[in-house]
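Colleague: I would like to read this model slowly, one question at a time, with each term explained as it comes up. Please show it first.

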2 protein chains.
Amino acid sequence: MNKRPLTMTDFANLLRDKGVNSTLQRVEIAQVILSKPQHLSAEQVLEKVNKGRNIVSKATVYNTLRLFAQKGLIKEIIADPAKVFYEPMTTDHHHFYNVDTGELVDIDPGQIKIDGVPEPPDGSTPIGVDVVIRIRDGNIPKNSAPSA
Amino acid sequence: MNKRPLTMTDFANLLRDKGVNSTLQRVEIAQVILSKPQHLSAEQVLEKVNKGRNIVSKATVYNTLRLFAQKGLIKEIIADPAKVFYEPMTTDHHHFYNVDTGELVDIDPGQIKIDGVPEPPDGSTPIGVDVVIRIRDGNIPKNSAPSA
DNA sequence: ATTCGTGCAAACCCTTTGCAAAGAG
DNA sequence: CTCTTTGCAAAGGGTTTGCACGAAT
């Protein structure tokens, strides 16, 4: 089984397969976001792409992530009111969202079962079901009684 | 059964019950957002509160909605990357989100069943499960074959 | 007098856009 | 040469903040 890390050329082919012209910047961004399961904001992708050096501009990161999402290479996660997260396209799964830390955590796929998904309103087509379980730091359920 | 519309005094009491000091502006905002099931952005609340006249400032609307949400009077819905929606606290239910129109539609409560909700990561407490079914205008499923 | 709420405008953050220059075929 | 992509900076839209004024206790 070829578990070797993907080369730049592999990524370039990945892009072309999805109808995205391959360029240096796009391959760099693809390497960052597609290399492993993770959730990154555009800002984080920007940092990771330009560690030290200066390869890709902010606008290009935003535009490229949007393009990748359109082309089905990555998925947008809307969980934080302040920013969008991106993750590689993988099998359907959902997320915990820690409102204290702004951190996103995968929920084991297949663990959640959703039944009775209703028909969408007339004249519309479903494109996806997103489940976000909001969590908060601390083990104490909502209203803890003060210890005195 | 007293289905009479709530008076300003009723709203004032509602606020106090939740630990929110009652003021003219807050009661006006409560009337707008709490009077019926609906999904309004802060912008929309601002418009509705100030129909014609000029009663509440933008900052106060934003701050007050945030306060209401904290105090459990209303619920934030994170579905649109661009803005937060607010709805009155009602029985648990979920939403369709039309990505073309930016419109939010209730899903009949009880229609969706979610099984296997996992334990949150150690050291965290669940505060809510949000399900958003993204939909798109048009009946044609994703890849329609051109008719020739 | 002290506390709390409001209004206004400016600040902020994330994201998108306009346009000229660079690159690919 | 023509089409696409990039970069930069500026604009944009939603939201928050700082501070002085006003209301309530």
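Colleague: How far does a backbone N or O atom of A:Val84 lie from a phosphate oxygen of DNA strand C?

Modeller: Residues are numbered from 1 along each chain as its sequence is written, while chains are lettered from A and ligands numbered from 1 in the order of writing. The model is predicted, with local features needing pLDDT of at least 70, side-chain atom pairs counting only at pLDDT 80 or more, and totals for chains, interfaces and linings using all residues, while side-chain values use heavy atoms and leave out hydrogens and water. A polar contact is a pair of N or O atoms within 3.5 Å, and for the backbone atom of A:Val84 and the phosphate oxygen of DNA strand C the distance is 2.9 Å.

Colleague: Which side chain has an N or O atom 2.5 Å from a phosphate oxygen of DNA strand C?

Modeller: One candidate is B:Arg26, but its polar side-chain atom lies 2.9 Å from a phosphate oxygen of that strand. The side chain with an N or O atom at 2.5 Å belongs to B:Thr23.

Colleague: Which helix gives the most to the surface near DNA strand C?

Modeller: A residue counts as near if one of its heavy atoms lies within 4 Å, and helices are DSSP runs (H or I, at least four residues) numbered from the N terminus. At least two residues each are supplied by α4 of chain A and by α2 (24-34) and α4 (58-70) of chain B. With five residues, the one giving the most is α4(A).

Colleague: What percentage of the atoms of DNA strand D within 4 Å of the protein belong to sugar or phosphate?

Modeller: A:Thr60 has a side-chain N or O atom 2.9 Å from a phosphate oxygen of DNA strand D, and A:Gln25 has one 3.0 Å from a sugar or linking oxygen of that strand. Bases make up the rest of those atoms of strand D, and the part belonging to sugar or phosphate is 80%.

Colleague: What is α3(A) relative to α4(A): parallel, antiparallel, perpendicular or oblique?

Modeller: The axes of helix α3 (residues 42-49) and helix α4 (residues 58-70), both of chain A, come within 10 Å and cross at roughly 120°, where axes are lines fitted to C-alpha atoms and angles run from 0 to 180 degrees between N-to-C directions. Angles under 35 degrees count as roughly parallel, over 145 as roughly antiparallel, 65 to 115 as roughly perpendicular, and the rest as oblique. The crossing angle therefore makes α3(A), relative to α4(A), oblique.

Note on methods:
A polar contact is a pair of N or O atoms within 3.5 Å; within protein, one must be able to donate a hydrogen and the other to accept it, and residues adjacent in sequence count only if both atoms are side-chain atoms.
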